[in-house]
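Student: Please take one part of this model and go through it slowly, giving backbone geometry and burial together. I would rather have one connected account than a list.

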Amino acid sequence: MSKKNKIIAGGIVLLALLAVVTNFFHHSDVQVLNPAGEIGEKERNLMYFALGLSLVVVIPVFIMLFSFAYTYREGNKKAKYNPELSGSKLAEAIWWVVPTVLITILAVVAWRSSYSLDPYKELSSNVKPIRIQVVSLDWKWLFIYPDQKIATVNYFEIPQNTPVDFELTSDSVMNSFWIPRLGGQIYCMPGMTSHLHLVAEKTGEFKGSSANISGAGFSDMFFTAKSTTQGEFTDWMAGVKKTRSKLDDGLYAELAKPSRNTPKSEYGSVQEGLFSTIVGKYVVPINEQGAGYIIPMQGGSH
């Protein structure tokens, strides 16, 4: 095969590979690449930007890899030996300056995005945020609406284009809360609270999950985040409030027991201060000012 034909064949193989990859992403539901909210979209764009810059280095490296392997193969008697290339100032400049510039750009972008995408940072909106308190359990999720005084298990609803302030903790081992289409994950830790601000700009149901291995039921620890219109959310909330179950200490103690594939459920009312009680159960005051420390979790089945 002539050199020209080999180049053409190589180009066809690369185009075919590119077509296969493009078709895969087009027909696959890669959730982080299909955002439904402001934070998710910014995080996806950041990934695209980092990938694009990386390809500036990766593509030439792979081209040179196959080119050198082909050119200097054992059977090629025409390959020229050029030892002076190792001291070439031009070559040295290229493989030092280009990566340095790219790393500097990535560093600046990462620095700025770390502040702009801070999960604790409130989202700019004319709409009043909804507060949802999240408790990770074995192996389920509890969602408490402190202002509406209702609660749900393994699913929650929010109105479209309304910022959501998630306050998160764990009543078990450390876990991780993640809704790929709305934004990045954040940890839930016993005796502590963390915050995450997200917004859904589209209606629909979005899959949420645990992103941190937490024991035998980790693989079943999913939940659903549903975004609806304001009217639908109001009707749903009114329906939940009609539920007679009240989430008090007794019901919560049963709910907190380890279980797998726990069905979705609702509570029409919630005991006042339940979330604070869950957080505080792992903290022991050691002085009059209320300072304390977190009780270490015991091993058990985790």
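**Strand loops and the helix beside them**

Tutor: K149 lies in the loop between β2 and β3, the latter spanning residues 150–153, and it is a convenient place to begin, with the caution that the model is predicted. The backbone of K149 has a positive phi, about 60°, although the residue is not a glycine. Most residues other than glycine have a negative phi, and most peptide bonds are trans, so that a departure from either habit deserves a careful look. As for its surroundings, K149 counts as partly exposed because its relative accessibility is 42%, and partly exposed covers the range between the cut-offs of 20% and 50%.

The next loop, which connects β3 to β4 (155–159), holds N154. N154 likewise is not a glycine and has a positive phi, in this case about 65°. Its burial has to be described separately from that of K149: N154 has a relative accessible area of 6%, and therefore it is buried, since buried means under 20%. Thus K149 is partly exposed, whereas N154 is buried.

Going back to the start of this group of strands, W139 is found in the loop between β1 (130–137) and β2 (140–145). Here the point of interest is the peptide bond rather than phi, for D138 and W139 are joined by a cis peptide bond with an omega of about -10°.

These strands also bring us to helix α4, which covers residues 230–241. Its 12 residues reach 17 Å from the first C-alpha to the last, close to the 16 Å expected at 1.5 Å a residue. The buried residues of α4 are F233, W236, M237 and V240. Viewed down the helix axis, the buried residues fall within an arc of 100°, and so they line one face of α4. An α-helix has 3.6 residues a turn, which means that residues three or four places apart point the same way.

What, then, covers the buried residues of α4? The cover includes β1, β2, β3 and β4, together with β10 (222–228) and β12 (265–267). The account thereby closes on itself: W139 sits in the loop between β1 and β2, K149 in the loop between β2 and β3, and N154 in the loop between β3 and β4, while those four strands are among the elements that cover the buried residues of α4.

Methods:
Residues numbered from 1 in each chain as written. Predicted model: local features only at pLDDT ≥ 70, side-chain atom pairs only at ≥ 80, totals over all residues. Heavy atoms only, no water. Helix = DSSP H or I, 4+ residues; strand = E, 2+ residues; numbered from the N terminus. Buried < 20%, exposed > 50% of the residue type's maximum accessible area, 1.4 Å probe, protein only. Expected span 1.5 Å × (residues − 1). Arc of directions from axis to C-beta. Contact = heavy atoms within 4.5 Å.
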